[in-house]
Amino acid sequence: MSECTQFWHFIIVFGILGGVGTSLVFTPSVSACGHWFFVKRGNATGIAAAGGSVGGVVFPLMLQKLFASVGWAWALRIQGFVFLISLIFANLFIRSRLPPRPGGTVVPDFKILRSPALSLVTAGTYFMEWGLFTPIAYLTIYAVKSGAFSDAFAFQLVAIFNAGSSIGRWVPGYLADRFGRYNLMIMALAMCMMTSLALWLPAAVISDGSHRGTDSAIVGLTIVYCIFMGFASGSNISLTPVCVGELCDTQEYGRYYATCYTIVAFGTLTGTPIAGAIISANGGAFWGIAIWTGINYVLALAAFTAVRVMKVGWKVTAFY
């Protein structure tokens, strides 16, 4: 990417190659982690997934410094060397406990979506991804456009968000093993929904030119949103594979997870452009995507709640 000069270069290198590479790294890693743990799968997956958010804290701050000191090209090359070293360790240490199934295939098996529970989890995860990547993609732009943040601090919001996410990937996973994986996922989704509608939406409304509020209110609401939404949304990454694993045997875990995320990937692909279209339709105002984020979490919450009710009923104290 350090050599890219045209828009289509970035589409090929960052979009296609980066997307395929990330998928090939992330999905087998999470699936392999699930092979080694069952009772404490939530805690183990949360610890492993927390590394992604640590990178989300380090890389924005690192690149912000490197862009100014060594320029675009060498900043990205240095990042590439960090990736290289990290992935060497990943390839050396990540192991699957179970051998491949005889006659198995890496092709997703969409027949398993005949299971109502898995179909609901897939749909819920789809809406969750629509909601999750909207603030990740647009928080910095919103902060710059609001006029309440300096450009430097606007870019640091991503680091704040990921700092909260790093803790949020581990703590809910640890608690999920004690109080139920779906129970914790439902709580986290409710928190994502409420923070988006109760914190980001008011901040976006008062930052709009026609409803200009004080800069301190915008800054305060946005920072609090980044912290709490980052924490709550961390479970979106760490608990989803654990919730999928509740619906299948360990031997089938990778196949179920890959099938789910093959569909969910289209949500990741389309969510950011849809949010961009909403901003354009609102004349550049960001309150629409705050509502969009909140509504997606409402739908995700409904889907995961439905699965829990199907499995253990309406009993609040049931472990699931």
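Visitor: In this predicted model, at roughly what angle do the axes of helix 7 and helix 8 cross?
Guide: Helix 7 covers residues 215-245 and helix 8 covers residues 253-281. Their axes come within 9 Å, and the crossing angle is roughly 125°.

Visitor: Why is helix 7 described as oblique to helix 8, and what is the handedness of the crossing?
Guide: An angle over 115 but not over 145 degrees counts as oblique. The roughly 125° crossing therefore makes helix 7 oblique to helix 8. As helix 7 passes helix 8, the crossing is right-handed.

Visitor: Which residues make this contact, and how many of them are nonpolar, polar and charged?
Guide: Helix 7 contributes Asn236, Thr240, Pro241, Val242, Val244 and Gly245. Helix 8 contributes Tyr253, Tyr256, Tyr257, Cys260 and Tyr261. By class, the contact of helix 7 with helix 8 has eight nonpolar residues, three polar and no charged.

Visitor: Where does helix 7 bend, and which proline follows?
Guide: From first C-alpha to last, the 31 residues of helix 7 reach 45 Å, close to the 45 Å expected at 1.5 Å a residue. Helix 7 nevertheless bends by about 45° at Leu239. Within four residues of that bend comes a proline, Pro241.

Visitor: Which residues of helix 2 and helix 7 form their contact?
Guide: The axes of helix 2 (residues 41-69) and helix 7 come within 8 Å and cross at roughly 145°, in a right-handed crossing. On helix 2 the contact residues are Arg41, Gly42, Thr45, Gly46 and Ala49. On helix 7 they are Ile237, Ser238, Pro241, Val242 and Gly245.

Visitor: How does the contact of helix 2 with helix 7 divide by residue class?
Guide: Arg41 of helix 2 takes part in this contact, and Arg counts as charged. The division is four nonpolar, five polar and one charged.

Visitor: How do helix 5 and helix 7 pack, and what is the make-up of their contact?
Guide: Helix 5 (residues 151-179) packs against helix 7 at an angle of about 45°, with the axes 6 Å apart. The two helices are therefore oblique to each other, and their crossing is right-handed. The contact of helix 5 with helix 7 divides into 15 nonpolar, ten polar and one charged.

Visitor: Which residues does Val219 contact, beyond its neighbours within four places in sequence?
Guide: Val219 is found in helix 7. Val219 and Ala143 are 76 residues apart in sequence, yet their C-alpha atoms are 8.5 Å apart in space. With those sequence neighbours left aside, the contacts of Val219 are Ala148 and Phe149.

Terms used
Residues are numbered from 1 along each chain as its sequence is written. This is a predicted model: local features need pLDDT of at least 70, side-chain atom pairs count only at pLDDT 80 or more; totals for chains, interfaces and linings use all residues. Side-chain values use heavy atoms; hydrogens and water are left out. Axes are lines fitted to C-alpha atoms, for helices over the stretch in contact, and angles run from 0 to 180 degrees between N-to-C directions. Angles under 35 degrees count as roughly parallel, over 145 as roughly antiparallel, 65 to 115 as roughly perpendicular and the rest as oblique. A crossing is left-handed if the near helix is turned anticlockwise from the far one by less than a right angle, and right-handed if clockwise. Contact means heavy atoms within 4.5 Å. The expected span of a helix is 1.5 Å times one less than its number of residues. The bend at a residue is the angle between axes fitted to the seven residues ending there and the seven starting there.
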